[in-house]
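I opened the file and kept notes as I went. Overall layout comes before single residues.

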Amino acid sequence: MPDISLTIVVVLCLASLAAGWIDAVVGGGGLLLLPAMLLGLPGGTPAAYALGTNKAVAIVGTTGAAVTYARKAPVDVRLAVRIGLAALAGSTAGAFVAAGMSTDVLKPVVMVVLLGVGTFVMLRPTFGTAPSTEPVSARRVLAAIGLAGLGIGFYDGLIGPGTGTFLVLALTALLHFDLVTASATAKIVNCCTNAGALATFAWKGTVYWQLAALMAVFNLVGGMVGAHTALKKGSGFVRVVLLTVVFALVANLAYQQWVA
C-alpha cells in the first residue's frame with residue numbers, strides 16, 4: 001500500500017465507483033479511473049503501478065457487470081468468450097508493438113475515427129435501439145472475432161483508452177445487437193483482456209494489491225449498479241451515455257496530444 005492520505009484514498013474510491021458505473025453502461029470507465037490513479041499516487045511512482053492497480057480494480061467491476069448482464073440480458077456467452085479470446089491475443093500483440101514505438105502518432109487517427117463514429121450515431125437515431133430479427137451469419141461472427149476481438153484487442157494493448165466503447169460500437173454494427181446486448185457482450189470480452197493484462201502486471205510486481213482491493217469494492221458496486229441501470233433504462237439511455245463518452249474520449253486524447 002503506497003503512503004497516501006485518507007482524503008486521496010476516498011477520492012480514488014469515489015472515482016472507482018463512478019468509473020465502474022460508466023464502464024458497465026457503455027465502456028470507457030478508464031477515462032476517469034486511470035487519470036485519477038496517476039494523480040492520486042505519490043509523485044515519482046512509476047506509471048506501471050497505476051496501470052497494474054487500475055487493471056486489478058477494473059477486472060472486478062467488469063466481472064460483476066458481466067455477471068449481472070448475463071443473468072438478465074440475452075447474451076451469447078460462448079460467442080462473447082470466442083471474441084474475448086481473440087481480443088486477449090490481440091492485446092498481447094499490441095502490447096509488444098507498443099514497447100517499440102510511440103503511440104502518439106496514432107492518437108489523431110483514433111480521434112478522427114471517434115468523431116466519425118459519434119457523428120454517425122447522432123445522425124442515425126435508430127442505431128442500436130433494437131436488435132435485428134435476422135439470424136447472425138457465420139461471416140458476421142468471423143468479422144466480429146477479427147475486428148472486435150483481434151483488432152480492438154490490439155488497440156487495447158497498443159493505446160487502451162475507450163476500448164469498451166469501441167467494442168460496444170463494433171458489436172452493434174457487426175452483429176446487429178441493440179446497445180444493451182452489445183454492452184453486456186463487451187463486458188465479457190473485457191474480462192478476458194483485463195485478465196491477460198492483470199496477469200502480466202502481477203508477474204512484473206506492479207500492482208498495489210491492498211489499494212486495489214479497497215477500490216475494487218467500489219468499482220464492483222458501480223459496475224453492478226451501472227448494469228442494472230442500462231437494463232432498466234434501455235438502449236435509448238445507453239445511446240446518450242455512449243455519445244457523451246465518445247466525445248469525452250476525443251477531448252481526452254486531444255488534450256494528451258496537444259496540451260499535456
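**Elements.** I took helices as DSSP runs of H or I with at least four residues, and strands as runs of E with at least two, numbered from the N terminus. With that, I read the order of elements from the N terminus as α-α-α-α-α-α-α-α-α-α. The protein chain has 10 helices and zero strands. I note that this is a predicted model.

**Overall form.** I looked up the radius of gyration next. It is 17 Å for the protein chain, and the globule rule gives 18 Å for 260 residues, so the chain is as compact as a globular protein of that length. I also took the extents of the C-alpha trace along its principal axes, which are about 55 × 40 × 30 Å.

**Contacts and surface.** I checked how far apart in sequence the contacting residues are. Of the contacts with a separation of 6 or more, 83% join residues 24 or more positions apart. I then turned to burial: 50% of the 260 residues count as buried. The exposed area of the protein chain is about 11900 Å², and carbon and sulfur atoms supply 69% of that.

**Charges.** I counted 14 positive and 7 negative side chains in the protein chain. The centres of the two sets lie 7 Å apart.

**Helix α7.** I picked this helix for a closer look. It covers residues 163-175, 13 residues in total. From first C-alpha to last it reaches 18 Å, close to the 18 Å expected at 1.5 Å a residue. Is α7 enclosed or open to the outside? I found 12 of its 13 residues buried, so α7 is largely enclosed by the rest of the structure. Buried here means under 20% relative accessible area. Among the buried residues I listed Gly164, Phe166, Leu167, Val168 and Leu175. Past the end of the helix I stopped at His176, which follows α7 and has a positive phi, near 60 degrees.

**Leu12.** I moved on to a single residue in helix α1 (residues 6-26), namely Leu12. Its relative accessible area is 1%, so Leu12 counts as buried. Which residues does Leu12 touch, leaving aside neighbours within four places in sequence? I found Ile4, Ala36, Met37, Leu211 and Met215 in contact with Leu12. I also took one distance: Leu12 and Ile22 are 10 residues apart in sequence, and their C-alpha atoms are 15 Å apart in space.

Conventions:
Residues numbered from 1 in each chain as written. Predicted model: local features only at pLDDT ≥ 70, side-chain atom pairs only at ≥ 80, totals over all residues. Heavy atoms only, no water. Rg over C-alpha atoms; globule rule 2.2 N^0.38 Å. Buried < 20%, exposed > 50% of the residue type's maximum accessible area, 1.4 Å probe, protein only. Contact = heavy atoms within 4.5 Å. Areas by Shrake-Rupley, 256 points an atom, 1.4 Å probe, with all protein chains shown as cover. Lys, Arg positive; Asp, Glu negative; His and termini not counted. Charge placed at Lys NZ, Arg CZ, Asp CG, Glu CD. Expected span 1.5 Å × (residues − 1).
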